[in-house]
Structures are given as structure tokens and as C-alpha cells.
Amino acid sequence: MANFCFARVATRTRASVGKFERHIERKNETYENMNVDLSRTPMNVTFKGCGNLTYNEYLDQLVDQGKVSLRGLKPDAKVFDEMILDVNTEYFERNGGYEYACRFYEEAYRFAKQLYGKENIVSAVMHADELNTAMTEKYGKPVYHYHLHVMALPVVDKEIKWSKRCKDPEKIGTVKEVVHQVSHSKKWKSEKALDKNGQPVLNSKGKPVYRTSYSILQDQFFDHMAIAGFADIQRGERGSTAEHLTVTEFKVAQEQKKLDALEAAANKKEAVLEKYDKRLKVQKTAALTFQEIDEMGSSSLIGKKISMTQDEAAKLKTLAKEGVTSRPKIIDLTRSLKQEKQASAFWKSRYDELREQTKDYIAAVKHAPEAVKNFLQEIMQKQMQEFNRRARERKNNREER
């Protein structure tokens, strides 16, 4: 199994952060995530905390001390970043479990400090008390999902310059002060994609291609951990929705997949049982009918002749007629079944051919979707240009006539 590492960031407002604070700091008595084992909560590791203060109180303290600024932000602005650093559960189970996870996420916390600055991190907690039910079933023992929650402030250095209203002309336009501004949009700016020669990558319209900030974050996290000695992990899949899910959402999605698979298996089993139940009813009916035929006149054997009652004779005639009338239907059904099998074989052959013909394209889309997209856009653009050229030629020909 691939050891994918993920770095996901979700933004929180001052009004909404309390809910997530209660989950991260384990301040609730009950949890929406029913897999939380409170007996293991003392094993959670706090790399950075804010003491007895709430997240909002800690932020107010930083503002009062002049260490960060909320200047110009609206009351409902996104002020906090909740970054979740994660690797699939089985990675830790194969490498020593809890102790290995502690070492891994201690290094992951160093990455977070480099990214945000230690003073801008409000809280950093490794959870070790959330049960992974799928892995528990696989290993036959409790297996826990280790991950790191980092609540931080996206701070950027903002230069405040002297305006034209300054009385000293020499100061106008120069830096008056540098403010540590909370700004999610400036912290997570996209960057231009560069090729192997360091030149900007352009799309089919000649415009620069940008790498999203979260894609850059994934690269940074993977590179940091690999350099630190955790070389057996892999970067999270590019474009994967798992990069943007919270831990709880990801677990719900995994459990839903499991439920869907079980439901599909149950439906399949039910369909098979229903099929055999119908076949059994037909066989029972046929067996009773054959038994009735065999018993007709069995008590009145005289030499090679068989005598039977009028009711038995009438029933035998009815059964014989049903057999005669059913024979064409059976022949038609047999012919239809043969045709369906032939059609099925034909379409399967066509499917196999198409899959073989498109395997390179599918592989390219999987590994380099953006490049394939740009390539197709270029082809479509060229086709449209050719179409327009021919249309102009036809128009010119008509005008010349």
C-alpha cells in the first residue's frame, strides 16, 4: 500500500473556530466522531498550546502586544488556518505504531513552524485516540489513526508607506512601518508553474499556468519529511479530493465506501437467492406435475393397458397441450439467449479493443491531467482555426462567382 502524506488547510473565522477548538483540545464530553477513545486521550501529544486561554483569547493577546494585526479585516473574515498533516494509518502500524507516530509528527510540527513561524502557531496537537475501524478489523486488534492538527495564524509582513500627506517630502513613498498582518489570501498565493529550464509554463492561449497554493504546500510537506529521513512516504496524489477533506470528513467518506461495498454485496447475494428461489419454485411445480402424471392409473394396470378416471385423462390432455404450446417459446428463448451471448461477446471484444487503444491516454490523464488538457485544447484550437480558414475560402469562392 502506498504511504501517501497529506497536508490540508481549512480556514476558520473567529465565530466558527470554537467548535474546532473543542474537538482538537478534547474539551467535549461527547464527539460527533464516535471513534474517539477517551481512555487514550492522555496519549495525545501537545507540541504547542495556549495554556488556559481560548484560541480567540490568545489571538487578542497577540493583537494587544502588537505582534499581529487584524487591521482592515471584517468581523467574519477568515482569521485562523487549521492545517491537518496526515499519513494513512497502516504506515504507522507497519513502522511501530504510537512511538513512531510521535517522532514523525514532531518533525511535521517543525515543518509547521517553518511555514507559519512558531509565534503564529496557536495550537499543535497530535491525536492518538481515534480508532480506525477498517484497520482494526483487518489486524484483529485496536488500531488508531495518528494525525496532527495545527491551528495557526496566516501572517504576512505588510509594508506601510508614508503617504503624500506627510510633511517631510523625503519620506513620501518610503516604508513607515512593517505590520504583521493576518491575511489568508496573501499567505496562500498561487505561483506560476515553471518548466525544467525555469521558464513559465503557458497554456494553449499563451497565458501562464499557475500552481495552486495547496499543491505547493503538498510538495513542501513531502520534501521536508523526506529530507528529515522519512523517505518511505509518497506525496499525496495531485488533484485528489482527500487533500481538502478534514480528518472527520475523510473517515466518513471511507466508512461510506465500506458501507456501499457491503450494501452492493448484500444486494448481489439477495439477487442470487431470489434467482435460485424462483428456480426452486419451478422445479417443485414440475416435480409435483410429473408425480401426478406418474400416478395416473397406477392402481388399474391391466396387461399393457392403463385405465384412468376422466379427471385424470382431462388433466393429462391439458398438460400435454401445455407442453406442445410451450415448446416454441422454449425454442425462441433458447435462440434469444444464444443471440444475447453472441452480442455480449461482441461488445466485450469491442470494449477490450477500446481499452487497449486508449490505455496510453488514460495513463497520461492519470499522471499528467493538466498537460493532457492543454494538449487537447491546442488540438481543438487548431481544428477550429482550420474550420474557420475553410469557411473563409468557401465564402471567397462564392463571392468570386
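What is the mean pLDDT of the protein? The mean is 76, and 74% of the residues reach 70 or more; pLDDT is the predictor's confidence in each residue, from 0 to 100. This is a predicted model, in which local features need pLDDT of at least 70, side-chain atom pairs count only at pLDDT 80 or more, and totals for chains, interfaces and linings use all residues. Residues are numbered from 1 along each chain as its sequence is written, and side-chain values use heavy atoms, without hydrogens or water.

**Confidence**
- Strand 4 (residues 121-127) has the highest mean pLDDT among the elements, 96, and strand 11 (residues 301-302) the lowest, 44.
- Helices (H or I, at least four residues) and strands (E, at least two) are DSSP runs, numbered from the N terminus.
- Over residues 238-250 pLDDT stays under 50; the model has 28 contacts there (heavy atoms within 4.5 Å) beyond four places in sequence.
- Where pLDDT is low, the predicted coordinates should not be read in detail.

**Helix 4**
- The 19 residues of helix 4 (residues 98-116) should span 27 Å, because the expected span is 1.5 Å times one less than the number of residues.
- Its end C-alpha atoms are 26 Å apart, which agrees.
- Buried residues of helix 4 include Tyr100, Phe104, Glu107 and Tyr116; buried means under 20% relative accessible area, exposed over 50%, partly exposed in between (1.4 Å probe, protein chains only).
- Gly117, just after helix 4, takes a positive phi of about 90 degrees.

**Helix 10**
- Phe375 lies in helix 10.
- Phe375 is partly exposed, because its relative accessible area is 49%.
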